[in-house]
Amino acid sequence: MPEPAGTGQLGVVASRKLGGAVARNRAKRLIRDIFRKNKGSPGASGHDIVVIPRREMLDAARSAVEAEYQTALRRDMRKRRQ
């Protein structure tokens with residue numbers, strides 16, 4: 001969602017279905033780190049982003065999660081252009 005101030009924000013919704021507190025916190029830390037590192041990339045700056053982690057993410061490699069995040073941003077950018 002576009003953010004009028006031009007600063008991107010992140011929201012993470014990790015429900016108990018994801019696992020215990022340790023698993024939820026690990027998922028949130030991973031997502032926050034990926035968001036910080038990709039904050040300047042096209043599609044991320046100036047938009048509020050909400051991420052809902054899935055259980056498969058906990059077992060995936062960090063590079064795979066980051067690639068999926070970037071793919072989702074590109075997909076969203078294409079969708080907004082149309």
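## The Arg-62 and Glu-66 pair

In this predicted model, the side chains of Arg-62 and Glu-66 meet in a salt bridge, with a distance of 2.7 Å from N to O. Both residues lie in helix α3, 4 residues apart, which is about one turn of the helix. The helix itself covers residues 62-81, and the side chain of Glu-66 is also listed as making a polar contact with the side chain of Arg-62, again at 2.7 Å.

The two partners fall into separate accessibility classes: Glu-66 is buried because its relative accessible area of 18% is under the 20% limit, while Arg-62, at 29% relative accessibility, counts as partly exposed. Side chains of opposite charge can pair when their charged atoms come close.

## Other salt bridges and the network

How many salt bridges does the count come to? The count comes to 4 salt bridges. Another of them joins the side chains of Asp-33 and Lys-37, at 3.9 Å from N to O, a distance that still qualifies because the cut-off is 4 Å. Asp-33 and Lys-37 both lie in helix α1, where they are 4 residues apart, about one turn of the helix. Asp-33 counts as partly exposed at 22% relative accessibility, whereas Lys-37 is exposed, with a relative accessible area of 57%.

A further salt bridge is formed by the side chains of Arg-75 and Glu-68, at 3.8 Å from N to O. Both of these residues count as partly exposed, Arg-75 at 45% relative accessibility and Glu-68 at 48%. Salt bridges that share partners join Asp-33, Lys-37, Arg-62 and Glu-66 into one network, and this network brings together residues of helix α1 and residues of helix α3.

## Overall architecture

The secondary structure of the protein comes to 3 helices and 2 strands, and from the N terminus on these elements run in the order β-α-β-α-α. Strand β1 covers residues 9-12, helix α1 covers residues 21-37, strand β2 covers residues 48-51, helix α2 covers residues 56-59, and helix α3 covers residues 62-81. Of the 82 residues of the protein, 32% count as buried.

## Buried positions and contacts across the sequence

Leu-18 sits in the loop between β1 and α1, and this residue is buried, with a relative accessible area of 6%. Although Leu-18 and Pro-53 are 35 residues apart in sequence, their C-alpha atoms are 7.6 Å apart in space.

Met-57, found in helix α2, is likewise a buried residue, with a relative accessible area of 12%. Its separation from Leu-30 is 27 residues in sequence and 9.6 Å in space, taken from C-alpha to C-alpha.

## A buried arginine without a salt bridge

Arg-24 is found in helix α1, and this residue is buried yet has no salt bridge. Which side chain of opposite charge is nearest to Arg-24, and how far away is it? That side chain is Asp-59, which is 15 Å away; since a salt bridge requires a side-chain nitrogen within 4 Å of a carboxyl oxygen, a separation of 15 Å does not meet the criterion. The side chain of Arg-24 does, however, reach the backbone oxygen of Gly-19, at 2.8 Å.

## Surface patches

Two kinds of patch can be described, one charged and one nonpolar. Arg-26, Arg-29, Arg-32, Arg-36 and Lys-39 gather in a patch of positive charge on the surface. One of these residues, Arg-36, has its place in helix α1 and is exposed because its relative accessible area of 56% is over the 50% limit.

The nonpolar patch on the surface is formed by Val-13, Val-50 and Ile-52, which together have about 280 Å² of accessible area. Among them, Val-50 lies in strand β2 and is exposed, with a relative accessible area of 62%.

Terms used. Residues are numbered from 1 along each chain as its sequence is written. This is a predicted model: local features need pLDDT of at least 70, side-chain atom pairs count only at pLDDT 80 or more; totals for chains, interfaces and linings use all residues. Side-chain values use heavy atoms; hydrogens and water are left out. Patches are made of residues with over 30% relative accessible area and no salt bridge: like charges are joined within 9 Å, nonpolar side chains (Val, Leu, Ile, Met, Phe, Trp, Tyr) within 5 Å. Accessible areas come from the Shrake-Rupley method with a 1.4 Å probe; for residues, only the protein chains shown count as cover. Lys and Arg count as positive and Asp and Glu as negative; His and the chain ends are not counted. The place of a charge is taken as NZ of Lys, CZ of Arg, CG of Asp or CD of Glu. Buried means under 20% relative accessible area, exposed over 50%, partly exposed in between (1.4 Å probe, protein chains only). A polar contact is a pair of N or O atoms within 3.5 Å; within protein, one must be able to donate a hydrogen and the other to accept it, and residues adjacent in sequence count only if both atoms are side-chain atoms.
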